[in-house]
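Reader: I have not looked at this one before. Could you walk me through it?
Author: Certainly. Please have the sequence and structure open as we talk.

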Amino acid sequence: MIRSRAATRIRPGLLLLLAPAMASAQTAVTSGAGIDYQPSILRAADSSLLLVFERLDGSFSGDLYLTRSLDDGESWSTPVALVATAANERHPALLQLGDGSYALFYLKGSGAASSFRLHRATSADGIGFTEQGQLQLGWVTGGEVNPHLIRHPDGTLTLTYHRLSGSSYVAQSSDNGLSWDQLRTAIAAGNSQLPRIAFRPSDGRYLLTYQVGSSPLSMYAKTSTDVRDWSAAPIDFAVSGDNHDSLPVLMPDGAFVAFYIHANGAQYDIYSRRSPDGVTFEAPLAQVESADASDVQPHPLVGTSPDVVQLYWGRESPLGSSAYDIYRKREAATAVSLFGDGFE
C-alpha cells in the first residue's frame, strides 16, 4: 500500500458503509475431514508464519496441529500433529520466546470437566514440541480452561483463563511459563468466559475483553494499568444480540482493536472495534459476513500497518454441518482511511 501523504481517518459512523471497499480475498488454510477450529497464529523471527489449531473428532475431543507458511500466508504446509493423545487437547496459544524457542499453552483433560487443567509444551525449532506438564496456578481442584497469553517486551508472560462455571483470572510468569504466580487474581467475576488481554507498553495499559451469559452472550471490556487491580466497572462492548469470541490486540500506532463475532440469524459474522484508550470504541467494522457460512474465533496477525491485519478464523460451511476449516483474510482493515492521492 503506497501513501504519498498522510491518511485521514474517517469518522466512526462511516465505517460500516465503507467496509466493502476494503474487502480482500478469503482463502482456506486447512481442508478435508476433521473439525478445524481455534487458530493461534504468529510470525516467527525468520518471518515464517506458524499456525496451531485444534482438530476435533465427532465427539468434539481435540488434538493440536501445526501448519507453516513460508510465503506470508499465501500457501501452507500439510498440517502435522503436535500434541495428540487420548486426552482432549484444545484452545492452543502459541508464543515465540526471547531466545527464539517456542512455548505452546492449551487445555487438557478427559472425562469430567473438573479434570481440565492448563498445560505447556516447548520446542527449540517450532517443529517438534515436547509436553512439559500442567501449569501450577494455585488451584487444588481442576476446571481451568481457555488460556490466552501475551509476551511483554521484558519477557514477562501474562496469562488469562477462566474456571468452568466461575470467574476469570490472570497470572504472570518471569521464566517463560515454567512457573506462575499463585495469586489467583480475579479479573471478571461471575460466569465470565474467554478472557483475553492486550498490553500497551507506552503507558502500561491493559485491555481485557470477555463474554458473559449462555445464549445469548454479551461482551464486556475492562482496562487497567495494574495487572492486580481490575476493580473498574466493565464497559459495554457488544451487549445487543448474541456476541462471542473476542480477542483484543495492540496496533503499531498504539490503538487497541478487538475482534469478535455477532449472530446474524443462523450464522455468526466477524466484526472489530478500534479504541484509542481501551475505554471508548469506534462503531463496529464488518470483517467477514457470509450468508452461507458461520465464521467464528477470529485471530488477527498484527504486522507493521496501523490499519490492516491478516485475519484467521474457523469457518463452518454449510451452516449447521459442524464442518469447520481454518480460513484466512489477507488484508482485514481495522480502520477506513481516505488517501489524498487516490493510490492504494
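**Overall picture**

Author: Buried residues account for 56% of the 344 residues in the chain. Please keep in mind that this is a predicted model.

Reader: Which secondary structure elements does the chain have, and how many?
Author: The chain contains 1 helix and 26 strands. Its radius of gyration is 19 Å, close to the 20 Å that the globule rule gives for 344 residues, so the chain is as compact as a globular protein of that length.

Reader: And what does the C-alpha trace span along its principal axes?
Author: The spans are about 60 × 45 × 45 Å.

Reader: What share of the accessible surface belongs to carbon and sulfur atoms?
Author: Carbon and sulfur atoms hold 52% of an accessible surface that comes to about 14,000 Å².

Reader: Let us turn to pockets. What volume does the largest pocket have?
Author: Its volume is about 960 Å³. The lining consists of 34 residues, and the closest to the pocket centre are Ile41, Leu95, Leu149, Ile150 and Arg151.

Reader: Which strands supply at least two residues of that lining?
Author: They are strand S3 (35-43), strand S7 (88-96), strand S11 (144-151), strand S15 (192-200), strand S19 (243-250) and strand S23 (294-302). S7 gives the largest share, with 6 residues.

Reader: How does the lining of the largest pocket divide by class?
Author: It has 24 nonpolar, 7 polar and 3 charged residues.

Reader: What about the second largest pocket, how much space lies there?
Author: The second largest pocket holds about 560 Å³ of space. It is lined by 29 residues, of which Tyr37, Arg90, Asn146, Leu194 and Gln297 are the closest to its centre. Elements that give two or more residues to this lining include strand S4 (49-56) and strand S12 (157-163), along with S3 and S7.

Reader: And its classes: how many residues are nonpolar, polar and charged?
Author: The lining of the second largest pocket has 13 nonpolar, 12 polar and 4 charged residues.

Reader: A change of topic: where does Gln132 lie?
Author: Gln132 is in strand S10, which covers residues 130-134.

Reader: Why is Gln132 classed as partly exposed?
Author: Because its relative accessible area is 43%, and partly exposed covers the range between under 20%, which is buried, and over 50%, which is exposed.

Reader: Which residues does Gln132 touch?
Author: Leaving aside residues up to four places away in sequence, Gln132 touches Arg120, Ala121 and Thr122. Ala121 is 11 residues from Gln132 in sequence, and their C-alpha atoms are 5.2 Å apart in space.

Definitions and conventions:
Residues numbered from 1 in each chain as written. Predicted model: local features only at pLDDT ≥ 70, side-chain atom pairs only at ≥ 80, totals over all residues. Heavy atoms only, no water. 1 Å grid on protein atoms, 1.4 Å probe; cavity = no way out; pocket = protein on both sides within 12 Å on 5 of 7 lines; lining within 4 Å. Points joined across faces, edges and corners; volume = space filled by probe spheres on them. Helix = DSSP H or I, 4+ residues; strand = E, 2+ residues; numbered from the N terminus. Nonpolar A, V, L, I, M, F, W, Y, C, P; charged D, E, K, R; others polar. Rg over C-alpha atoms; globule rule 2.2 N^0.38 Å. Buried < 20%, exposed > 50% of the residue type's maximum accessible area, 1.4 Å probe, protein only. Areas by Shrake-Rupley, 256 points an atom, 1.4 Å probe, with all protein chains shown as cover. Contact = heavy atoms within 4.5 Å.
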